[in-house]
Amino acid sequence: MARCCLILGDQLSDSLSSLNLLEPEDVVLMAEVWSEASYVKHHKQKIALVFSAMRHFADALTASGRQVIYVKLDDPENTQKLDSEVQRAQERFQFDAWCVTEPGEWRLKHQFETLQGQMTVPFEIIADDRFLCSHDAFEAFLEGRKQPRMEHFYRKIRQSTGLLMEGKEPVGGQWNFDHDNRKALDQRATPNPPSWPLDAITKEVVELVNTRFANHFGDLQSERLAWPVNREQALQILDHFINERLPSFGDFQDAMVRGKDTLFHSLVSTSLNLGLLSPMEVCQAAEDAYHQGHAPINAVEGFVRQIIGWREYVRGLYWAYMPEYKERNTLNADWPLPAFYWDETKTDMVCMSEAIRNTRENAYAHHIQRLMVTGNFALIAGCSIEAVCDWYLSVYADAYEWVELPNTLGMALFADGGVMASKPYCSSGKYIDRMSDYCKECRYNVKDTETEGACPFNYLYWDFLNRHRDRFRTNPRMAMILRNLDRFSEKKMSAILSRAEAFRNRIETHGGDAVELPQQQLI
Ligand code: FAD
Ligand code: DLZ
Ligand code: SF4
């Protein structure tokens with residue numbers, strides 16, 4: 001009775017549920033396939049990271065005595081799809097049964113459920129227990145709640161895991177220390193993140209990606225990759241975070257500084273999402289740092305909340321509402337995504353060009369850049385939900401639909417009818433000015449809303465609120481801002497609307513993409 005276990009590119013955990021089922025004689029199949037590498041045009045660094053991490057994981061399994069069938073992308077026999085690779089291995093080896101841990105994306109789960117009906121032997125899909133909250137537990141949390149909120153969910157997980165708890169009470173006497181976490185950055189130095197010279201495996205993969213995926217977005221250097229490709233490197237990035245970054249993580253979590261691409265953020269998302277680190281070990285390392293007096297509670301609580309709160313919560317929502325969730329477009333947003341999202345040199349907005357440069361160079365932007373710069377712009381400009389979601393899924397090394405979609409469609413674009421967020425994360429340039437040093441170097445004037453040269457975030461913000469005035473009226477959290485809007489004179493309102501229209505008119509459309517025209521062509 002030999003069984004085969006399919007392990008996907010983001011299932012690189014020794015404790016994976018499907019691996020745990022295997023007997024010594026059972027076999028593992030891993031396959032690099034074109035369909036996974038191109039269902040969106042992933043950033044080159046993401047593909048290199050996934051392939052290199054897959055190859056390292058396969059080598060470690062082999063070294064531990066496991067039989068592994070590893071199909072490389074350029075294997076001439078490769079059928080380039082996961083389901084057909086399963087079928088091909090079945091024809092060759094006639095396994096008695098198959099198993100796979102539940103994939104992270106709905107589209108692949110659907111593909112495997114179809115495959116189950118086509119196979120002549122059992123093909124079992126096993127729950128993924130690398131998360132702290134199961135699908136059933138999340139459904140139970142949702143039950144009877146009109147307005148599920150992350151904060152309630154987070155407290156439940158704190159209680160069930162015991163993280164940062166003293167008996168039944170939260171450590172420090174509060175569940176949430178966010179009010180301490182909104183500082184703009186001072187002049188302090190920020191630590192350089194670790195990176196590793198390429199070993200032979202990664203070198204080969206980088207060459208492959210630079211050749212085969214040359215037309216994908218993003219830089220991929222031939223001498224260095226910033227993302228951990230195996231567990232050892234993942235542990236090093238976690239250590240670096242705990243020792244060098246965590247103490248300042250809370251204070252400067254929302255700060256943005258020109259040229260400082262990662263500030264005090266942890267950089268653990270790629271390793272968590274690939275399975276090289278577990279959420280619990282990462283949180284326990286942070287909790288230990290608190291108990292040892294190395295990091296303050298506002299930093300540690302803020303960090304732990306991102307992982308056991310937001311990360312688990314978005315996964316729960318994704319599986320509870322897919323596939324219908326992806327079709328939501330509450331605010332009827334349909335404007336084409338400007339081409340400067342793919343090329344930062346096409347915009348003069350310093351905040352946007354900084355976030356997009358970081359994205360291109362590092363396959364990374366920190367949360368506030370994703371939410372309050374590129375996300376905020378897409379929200380207030382009314383960009384197409386599908387185009388924006390495809391962009392976020394394509395451009396980040398940590399992007400998988402289960403985490404990307406609720407964050408983009410729900411949190412950033414407020415397109416899910418208020419499930420993820422109780423109010424839209426919209427803001428004018430004022431927020432960006434407060435939290436960053438971008439505006440002082442920008443040709444747009446962040447203090448101006450109405451005249452030529454005014455910050456686009458300002459007039460687009462009021463234009464957005466005006467467009468959705470009636471809908472937002474029913475939201476008590478929007479009442480104050482709408483009262484401000486109601487007080488605008490007709491003259492002011494019409495200046496704002498015509499600025500917004502002029503901005504849109506100077507966005508040229510090329511095959512569905514829009515380009516911001518240079519300043520001299522301002523109308
Ligand atoms: P840190 O700031 O150090 O945070 C620590 C960890 O907390 C992260 O590694 C991550 O695992 C978790 N985390 C923090 N915020 C969130 C969140 N909102 N949702 C889920 N987990 C969170 N994260 C992804 O992992 N993949 C994505 O595809 C992704 N897409 C996003 C799209 C948008 C529009 C927005 C607003 C956020 C998105 N995020 C995504 C969440 C967050 O921005 C990233 O997890 C974070 O920037 C990763 O960098 P870090 O590891 O340095 O995070
Ligand atoms: C992201 C990715 C890429 C680029 N390539 C592969 C691959 O060739 N083979 C594979 O098994 N997995 C890959 N992955 C990860 C999958 O896309 C991921 O498992 C699903 O999106 C579910 O999260
Ligand atoms: Fe961005 Fe406006 Fe500030 Fe320029 S002035 S950096 S466009 S917020």
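The questions and answers below concern a predicted model.

In this predicted model, local features need pLDDT of at least 70, side-chain atom pairs count only at pLDDT 80 or more, and totals for chains, interfaces and linings use all residues. Residues are numbered from 1 along each chain as its sequence is written, chains are lettered from A and ligands numbered from 1 in the order in which they are written, and side-chain values use heavy atoms, with hydrogens and water left out.

Me: In what order do the 5 strands of the open sheet stand?
Reply: Strands here are DSSP runs of E with at least two residues, numbered from the N terminus, as are helices (H or I, at least four residues), and two strands pair if DSSP finds at least two bridges between them. The pairing in this open sheet is parallel, and the edge strands, β3 (67–71) and β5 (123–126), each pair on one side only. The order is β3-β2-β1-β4-β5.

Me: Which residue in β2 stands opposite Cys5?
Reply: Strand β1 (residues 3–6) and strand β2 (residues 27–31) pair in the parallel sense over 3 bridges. Opposite Cys5, in β2, stands Val28.

Me: Is Ala289 buried or exposed?
Reply: Ala289 is found in helix α11 (residues 279–291). Buried means under 20% relative accessible area, exposed over 50%, and partly exposed in between, with a 1.4 Å probe and protein chains only. Because its relative accessibility is 2%, Ala289 counts as buried.

Me: How far apart in space are Ala289 and Val300, C-alpha to C-alpha?
Reply: In sequence, Ala289 and Val300 are 11 residues apart. In space, their C-alpha to C-alpha separation is 8.0 Å.
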